[in-house]
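Visitor: Hi, I have a chain open on my screen and would like to talk it through. Could you walk me around it?

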Amino acid sequence: MLLAALFFVLIYSQFSCKKSEEHYDGLFEEMDAAQTGVDFVNKVEDREEVNIFNYRNFYNGGGVSVGDINNDGLPDIYFTANMGENKLYLNKGNWKFEDITARAGVGEPDKWSTGVVMADVNGDNLLDIYVCNAGYEKFIKKQGNSLYINNGDLTFTESARKYGLDETGYTTHAAFLDYDLDGDLDAYVLNNSFIPVNTLNYANDRRLRAKDWPVKDYLKGGGAKLFRNDGGKFADVSEAAGIYGSLIGFGLGVTVGDINGDLYPDIYICNDFYEKDYLYINQQNGTFSEELEKRVKHTSLASMGADMADISNDGYSELFVTDMLPRDEYRYKTTTSFENHYLFNLKKEKGFYNQYMQNSLQFNNQDGTFSEIANYSGVAASDWSWGALLFDADNDSKTDIYVCNGIYHDILDQDFIDFFANEVTQKMVLSGEKQNMQHIIDRMPSTPIANNFFHHEGNLQFKEKAKEFGFGKPSFSNGAAYADLDNDGDLDLVVNNVNAPCFVYKNKSESQHDRNHYIKFNLKGEGMNTRAIGSKVEVYAAGQVFSKQLNPSRGFQSSTEYPLTIGLGKIVQIDSVRVLWPTRKVTSLHAVRSDTVLTLSIGEARTPYLQQAIPPGRMLTNVPAKGLEAHRENRYEDFYNERNIPMMLSREGPKAAIGDVNGDGLDDIYICGAKGQEGQLYLQKGGLFVPSPQKSFTAHAGFEDTAALFFDADGDGAPDLVVGSGGNEGQATAADLPTRLYLNDGKGNFTFAPTALPPNAMNTAVLVTEDYDGDGDLDLFAGSRSVPREYGSSPASYLYQNDGKGNFRDVTNEIAPEVAKAGMVRDAVWTDIDGDGQKELVIAGDWMAPAAYRFSGGRFIKITTGLEGYAGFWGALKTGDFDGDGDQDLALGNIGENFSLHAAPGAPLKIWINDFNKNGTIEKVISKSVDAKDLPVLLKREMTTQFPFLKKKSIKHSEYAVLTVQDLFPDDLLQSAVAKSVTYLKSAIAVNNGKGQFTLTPLPYMAQFSCLNAIQSEDVNHDGKPDLVVGGNFTHFIPQLRSLDACHGNVLINKGNMQFEVLQARQSGYAVDGEVKQISRITVGGQPYVINLINNAAPVLFKINRL
């Protein structure tokens, strides 16, 4: 089978290029250079003195800037070249452009130009051109960046030194902004360090400025700079302003926008592959505070280009950053490698934060923080990507995403690295001669690929439609800019390519039969900020806010036009328009018609901007949980003992038990401890929680508590305590993972009952009680999360029968054998789902569908519920009558739609469990469905390391990329393997028809941004309908699978008819960070609260207010 698959690879490689291309009459038309006169080519050739081996950014390409240099109302175009002449094209109208480079004097043929931005630097109402330069020659020739001052007659005078902007560092891009709101334009200049990364040894010298590094001068060209405009002369104020200028900064992208709504410009910096990105928040006093880690949970790893725009039509800007993760499975398997968890953790400890190889889309939570949702939105992968532009391509009122892709030589092609690089080294060792540089480069693959166009389909989800929109031509594209080149009300596109003609795309939205509407703004500034950079336009219509900020530097090494075009879809009448000017004045308009161009002047604004403090949500109030100790997770890596598992299962705590243990009528709480941290009982006194030390708990501090429950085990009327063990680091023995019962003397003193419960050697997840046999005492179900050190295998779960005196017998195999092997259980409830007055046991977990078991005829039998086809990663289960029809529905927390792996009916995720190496150890293989085939999730290196027999086959990455699990493993091993699958990822409500048959209704899309581990049902708005308070997140996957951290806690208001509205923290008052493991109601001082138990953090308490 393996040979047949390899033969397919050879045939595919020979004939796939002959496959006819589908033809689309797209919305965008590539204009012929013969018609437009725009014939620019950024030609880059490897040479002996400069090439990809001695200049890391050799293939980074050039940028493009669009702006009206002669104020005739037509945007003109400037391209940068790396090894040739930059070009300036004058827009003559009717899609005719004239190359005026020579006349204008802006060619710079002897410089390696990178980024470019048009801005009126000297305040004469004419756009000047700032050109960024890089390359080793810049140091040798003592070159600086160039500032071309517009003379008003289509000629320019280079004046960078005169203005203080002749920066000599290796500059990628620049942005002009009025950061101090003094009325003139300042400049942020982004440099890219030239220092070899392998010399840094993961040192975090972020605060050491480039000039102070003990390295040779030619290496000191890194370190970004902020220049303040002091009366027309720019002064470097970087250090005083709080801007990092270290050589560990490999800056590739700079994006400016108002992050926190104070009308002061903030700055986002993309750093390539080593240093974390920076998010500079303007402090309104001439300084910035770098606050990435306060506001963003994780970022891209090799951050390239970025753009900022409001994609949710709520008036708040989102941020999109490109990376290098391929979308195509073949390129994913042949050009990608991921950091292992050891390196990831090392970098995190060194202060480089959470970086993952993926595009990142940061959703604005409206409180100054962001949730990364690129996987949910379908935009996490594109390829080796550069420019990113957020704009409404079809004027349908939803912001789309255009991404430039391509690297002229695939320097990360894994076969080139594995085989050819080794061959070159061997030849050099044997012959003593260096291989010819060009010979080596010629062996690198060169694969042009199409740019991506992600069309916004609604609810923040995008669909890749490059071909459909006319962007299907393969290329090596870098910088791009949008502009309405023909003034017809839609945005056209210009793209700079390496070693191929540039793209000029005409947008045909205006000519469509059922065309959409738009509104366009020309903003006029005053003084030295003639183009009103920093202004924000808000358009209010149809219950939405369409907003844009005027900041021209966008994407990668590029800048867009100054007029602001906003698509309106089918909206004809606009309710109102508000322009927020950088002078903190406001222009307001009402009853504005669509399809108009408005020219507004800052001088006409009279109303001062009054920033209204947004009152916090009043439904819940965060109250300090005084006296409650933080959970302290012990350090253990599951990956040490289990190779290539997808995630850690040793971080499942804490959980808590709530009850009145001393009979004073107040809720007390027991909170589970991690390994080495004893569980702690807190007694409520005077509205506070006071620790109640217990010798029996201290004696068991060596166990990791993962489940806890108060219940009357021995029938004396006092709540006893049962605690389950987990942690996943011990062996599967009862000594490591006991379930423990502590008997209460009625006064809150607990004594360990060592023989009360039978041995349990599994990682326990949940403990729930019910008198299932009707004998008057409470029996116990212990649901198991996993077999220790054996991810994927179904652990034994247990049903313990109570003799009425607190002694329990394991009756699972006798009366509940199906329950015993239910699966990787994570939550369970006893509830009457069919209305017969008897409660069923409902179980949910990983790699399984929710299941229900009825006690009948002395045995538990699995019953049909309608949920059998919904296998997922179910992490939370809560019952309630959510539709108000009198029966019990189920609220189910799943892994959500922001997971890096996707699953659906007909396209499942699968896990295969067997002793594949035939060495007595159980191994796991996880597969995903690609074109209805089971392809391994892990890359070749990880798979061949785990399975040595695959390494012996000498499979290339290009061959491995198309091999299925069935190709890689013998039929007998797969047939004897335990196989499980997942087909459904959404969190949902299972609606009961009253007879125990359920229909799934997904929770709203914002509840799908992360996994949900905890659900509490509370009527938080006191309207008689049960609402939901939910929490989640999980951050311990292998780096390839990234992180689920986008949940900041949500309140879901029940609107009736199974419709839920998600309230963000600003609306509800409920905000929780971290991995929430449990949310429970607790009464404190006679008032209702919810308590949140969070892994490796202190509990968080919220009061439920009476509105």
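Guide: Happy to; we can take confidence, strands, unusual backbone spots, internal spaces and one arginine in turn.

Visitor: Is this predicted or experimental, and what is the mean pLDDT of the protein chain?

Guide: This is a predicted model. The mean pLDDT of the protein chain is 94, and 97% of its residues reach 70 or more.

Visitor: Where is the pLDDT below 50?

Guide: That applies over residues 1-21. Beyond near neighbours in sequence, this stretch still has 16 contacts in the model. Where pLDDT is low, the predicted coordinates should not be read in detail.

Visitor: Good to know. On to the strands: what is the order in the open sheet of 4 strands?

Guide: The order is S44-S45-S46-S47, and the pairing is antiparallel. Strand S44 (656-659) and strand S47 (688-691) are the edges, each pairing on one side only. From one strand to the next, the twist averages 25°.

Visitor: How many bridges join S44 to strand S45?

Guide: There are 4 bridges between S44 and S45, the latter covering residues 668-671. Within that pair, Ile658 stands opposite Ile669 of S45.

Visitor: And what joins Gly653 and Pro654?

Guide: A cis peptide bond, with omega at about 0°. Pro654 sits in the loop between strand S43 (620-623) and S44. For context, most peptide bonds are trans.

Visitor: Let's try another set of strands. How does strand S39 pair with strand S34, and how with strand S40?

Guide: S39 (residues 573-580) runs antiparallel to S34 (residues 536-541), and 5 bridges join them. Tyr540 is placed opposite Ser576 in S39. S39 also pairs in the antiparallel sense with S40 (residues 585-593), over 7 bridges. There, Leu580 has Val586 of S40 as its bridge partner.

Visitor: How many residues are between the strands in the hairpin of S39 and S40?

Guide: The hairpin has 4 residues between the strands, and Arg584 in this hairpin takes a positive phi near 65°.

Visitor: I have two other residues marked for phi. What is it for Asn487, and what for Asp931?

Guide: Asn487 has a phi near 55°, which is positive in a residue other than glycine. Asp931 is not a glycine either, and its phi is positive at about 55°. As a rule, most residues other than glycine have a negative phi.

Visitor: Where are they, then?

Guide: Asn487 is in the loop between strand S30 (477-483) and strand S31 (492-497). Asp931 belongs to the loop between strand S64 (923-930) and strand S65 (933-936).

Visitor: How does the relative accessible area class Asn487 and Asp931: buried, partly exposed or exposed?

Guide: Asn487 has a relative accessible area of 38%, so it counts as partly exposed. Asp931 is at 71%, so it counts as exposed.

Visitor: Changing topic: how many cavities of 30 Å³ or more does a search of the whole structure find?

Guide: The search finds 9. The largest cavity has a volume of about 300 Å³. It is lined by 29 residues, with Pro646, Met647, Tyr791, Phe899 and Phe1037 lying nearest its centre.

Visitor: Which strand gives the largest share of that lining?

Guide: S64 does, with 3 residues. Strand S57 (840-848) and S64 each supply at least two residues of this lining.

Visitor: What about the second largest pocket: what is its volume?

Guide: The volume is about 1,300 Å³. This pocket is lined by 49 residues, and Arg56, Phe273, Met324, Ile411 and Leu412 are the closest to its centre. Helix H11 (414-431) gives the most to the lining, with 3 residues. Among the other elements that each supply at least two residues are helix H8 (329-335) and helix H9 (341-349).

Visitor: Last stop, Arg826. Why is it classed as buried?

Guide: Arg826 has a relative accessible area of 16%, and buried means under 20%, so it falls in that class. Arg826 lies in strand S56 (residues 824-831).

Visitor: Which residues is Arg826 in contact with, leaving aside neighbours within four places in sequence?

Guide: Its contacts include Ala765, Val766, Arg785, Asp846, Trp874 and Asn1013. Gly845 is also in contact with Arg826. The C-alpha atoms of Arg826 and Gly845 are separated by 4.6 Å, while the two residues are 19 residues apart along the chain.

Technical notes
Residues numbered from 1 in each chain as written. Predicted model: local features only at pLDDT ≥ 70, side-chain atom pairs only at ≥ 80, totals over all residues. Heavy atoms only, no water. pLDDT = per-residue confidence, 0-100. Contact = heavy atoms within 4.5 Å. Pairing = 2+ DSSP bridges. Axes fitted to C-alpha atoms, helices over the stretch in contact; angles between N-to-C directions. Buried < 20%, exposed > 50% of the residue type's maximum accessible area, 1.4 Å probe, protein only. 1 Å grid on protein atoms, 1.4 Å probe; cavity = no way out; pocket = protein on both sides within 12 Å on 5 of 7 lines; lining within 4 Å. Points joined across faces, edges and corners; volume = space filled by probe spheres on them.
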